[in-house]
Every structure is written in C-alpha cells, then in structure tokens.
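Got the viewer open and a few minutes to spare? Follow along, selecting as you go.

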Amino acid sequence: MDGPLIPFGARGGAYPTYPPVPPASVSPLLARLDPAQGPRLAALPYELVWATTWEGEANAWVAPRLGLPALPLVPWPDEDAVPGRAGLHWKTPALVAWAAGRAFAWVDDEIGAADRAWVARHHRGRALLHRVDPGRGLGAADFETLAGWARGVEGADGVRGVHGVG
C-alpha cells in the first residue's frame with residue numbers, strides 16, 4: 001500500500017479527504033490516497049487482490065476511499081514460518097503459493113532481482129513483477145505496462161492480478 005498507492009513523495013493532504021474518516025489508530029497517510037486510482041485499477045483486466053500488510057484494514061479504509069469493493073486478501077504466513085533468503089522479499093513465496101501456477105501480476109515498491117529469479121524458478125505460470133517508484137506511486141506508465149501485459153496473456157492461461165502493496 002505504502003509506495004504504490006500511498007506514495008512517499010506525496011504531501012499529506014495533497015488529495016481531498018473522503019469519508020469514512022479513519023480513527024486515530026489507522027494511518028494518517030490515507031490522506032495521500034488519490035481517489036482516481038480506484039477507477040484506474042478497476043479498469044484493468046485483472047482480478048484485484050490485496051497483497052498488503054494492511055490486511056483487512058485495506059478493505060475497511062482503503063477500498064472505500066478508492067471506490068473499490070472489498071477485495072480478497074493474500075494470506076501471509078506467520079513471521080516465524082518465513083525462512084530467511086538473502087535479498088528475497090518475504091511476500092514472494094506466499095504470492096507464488098497463492099497464484100498456484102496461474103498467471104499473476106504483482107505490483108510493489110520493494111520488488112528486486114532476487115524476487116524475479118525466485119519466481120522464475122518456482123512459478124510455472126506467467127508472472128509480471130512490476131516495481132513502482134515509491135516516491136511517485138502508480139502512474140500512467142505503470143497502468144500502461146499492466147494493461148499491456150494482461151493483453152499478452154489473455155486467453156493463454158487467464159490473468160490473476162495481485163495488487164501487491166507493501
């Protein structure tokens with residue numbers, strides 16, 4: 001979430017505040033959400049899924065601000081169950097397990113070379129690991145990349161979209 005949808009470079013309050021107003025226990029960074037991102041995400045030919053540590057709070061506080069319905073959540077393993085792998089993002093094995101061989105796209109600001117190599121070795125379907133600049137968040141070029149990739153796999157083995165928001 002932080003980075004792709006809540007860019008670190010955005011100024012707090014840069015976008016209008018939309019109800020419901022989150023309680024003090026929820027991140028004040030929600031004011032950085034651009035409500036226009038919701039329709040852009042919904043227009044993609046993907047099944048959108050939250051892949052975020054916000055977990056259920058993504059549906060409670062982010063989806064309504066973006067005009068999205070409640071989305072499925074990728075389940076995360078217990079921290080103790082995640083083996084250390086040099087350079088590998090801890091989400092990578094869980095996302096590959098969730099995709100279960102289906103085509104998927106993962107959008108995050110922490111994707112690196114180790115993640116791409118691991119997915120290439122352990123995932124039998126197509127995968128797009130798209131890194132977003134955390135200072136800018138999702139932009140027009142990112143949406144073009146996601147739409148173009150989906151066009152390339154439509155009809156082949158389906159598109160399963162993971163909106164990985166770290």
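Here is a short walk through a pair of helices, one residue between them, and the salt bridges. Keep in mind that you are looking at a predicted model.

**Stop one: two helices**

Select residues 91-99, which make up helix 3, and then add residues 113-122, which are helix 4. Two packed helices are described by the angle between their axes and the distance between the axes. For this pair the angle is about 30 degrees and the axes lie 10 Å apart. Angles under 35 degrees count as roughly parallel, so helix 3 is roughly parallel to helix 4. As for handedness, the crossing of helix 3 with helix 4 is right-handed.

Which residues make the contact? On helix 3, pick out Thr92, Pro93 and Val96; on helix 4, show Asp115, Trp118, Val119 and His122. If you colour this contact by residue type, you should get four nonpolar, two polar and one charged.

**Stop two: Thr92**

Now centre the view on Thr92, back in helix 3. Is Thr92 buried or exposed? Its relative accessible area is 1%, so Thr92 is buried. Hide its neighbours within four places in sequence, and what remains in contact with Thr92 is Trp106, Asp115, Trp118 and Val119. Asp115, Trp118 and Val119 also belong to the helix 4 side of the contact you just looked at.

**Stop three: the salt bridges**

How many salt bridges does the structure hold? There are three, and you can visit each one.

Start at the beginning of helix 3's residue range by selecting Lys91 along with Asp108. Their side chains meet in a salt bridge, at 3.3 Å from N to O. This pair links distant parts of the chain, with Asp108 in strand 2 (residues 104-108) and Lys91 in helix 3, 17 residues apart. Both Asp108 and Lys91 are buried.

Next, jump to Arg40 and Asp34, whose side chains form a salt bridge at 3.9 Å, N to O. Show the surface here: Arg40 is partly exposed, with a relative accessible area of 41%, while Asp34 counts as buried at 19%. The cut-off for buried is under 20%.

Finish with Asp133 and Arg136, a salt bridge in which the closest N and O atoms are 3.1 Å apart. On the surface view, Asp133 is partly exposed at 30% relative accessible area, and Arg136 is exposed at 62%.

Definitions and conventions: Residues are numbered from 1 along each chain as its sequence is written. This is a predicted model: local features need pLDDT of at least 70, side-chain atom pairs count only at pLDDT 80 or more; totals for chains, interfaces and linings use all residues. Side-chain values use heavy atoms; hydrogens and water are left out. Axes are lines fitted to C-alpha atoms, for helices over the stretch in contact, and angles run from 0 to 180 degrees between N-to-C directions. Helices (H or I, at least four residues) and strands (E, at least two) are DSSP runs, numbered from the N terminus. Angles under 35 degrees count as roughly parallel, over 145 as roughly antiparallel, 65 to 115 as roughly perpendicular and the rest as oblique. A crossing is left-handed if the near helix is turned anticlockwise from the far one by less than a right angle, and right-handed if clockwise. Contact means heavy atoms within 4.5 Å. Ala, Val, Leu, Ile, Met, Phe, Trp, Tyr, Cys and Pro count as nonpolar, Asp, Glu, Lys and Arg as charged, and the others, Gly among them, as polar. A salt bridge is a side-chain nitrogen of Lys or Arg within 4 Å of a carboxyl oxygen of Asp or Glu. Buried means under 20% relative accessible area, exposed over 50%, partly exposed in between (1.4 Å probe, protein chains only).
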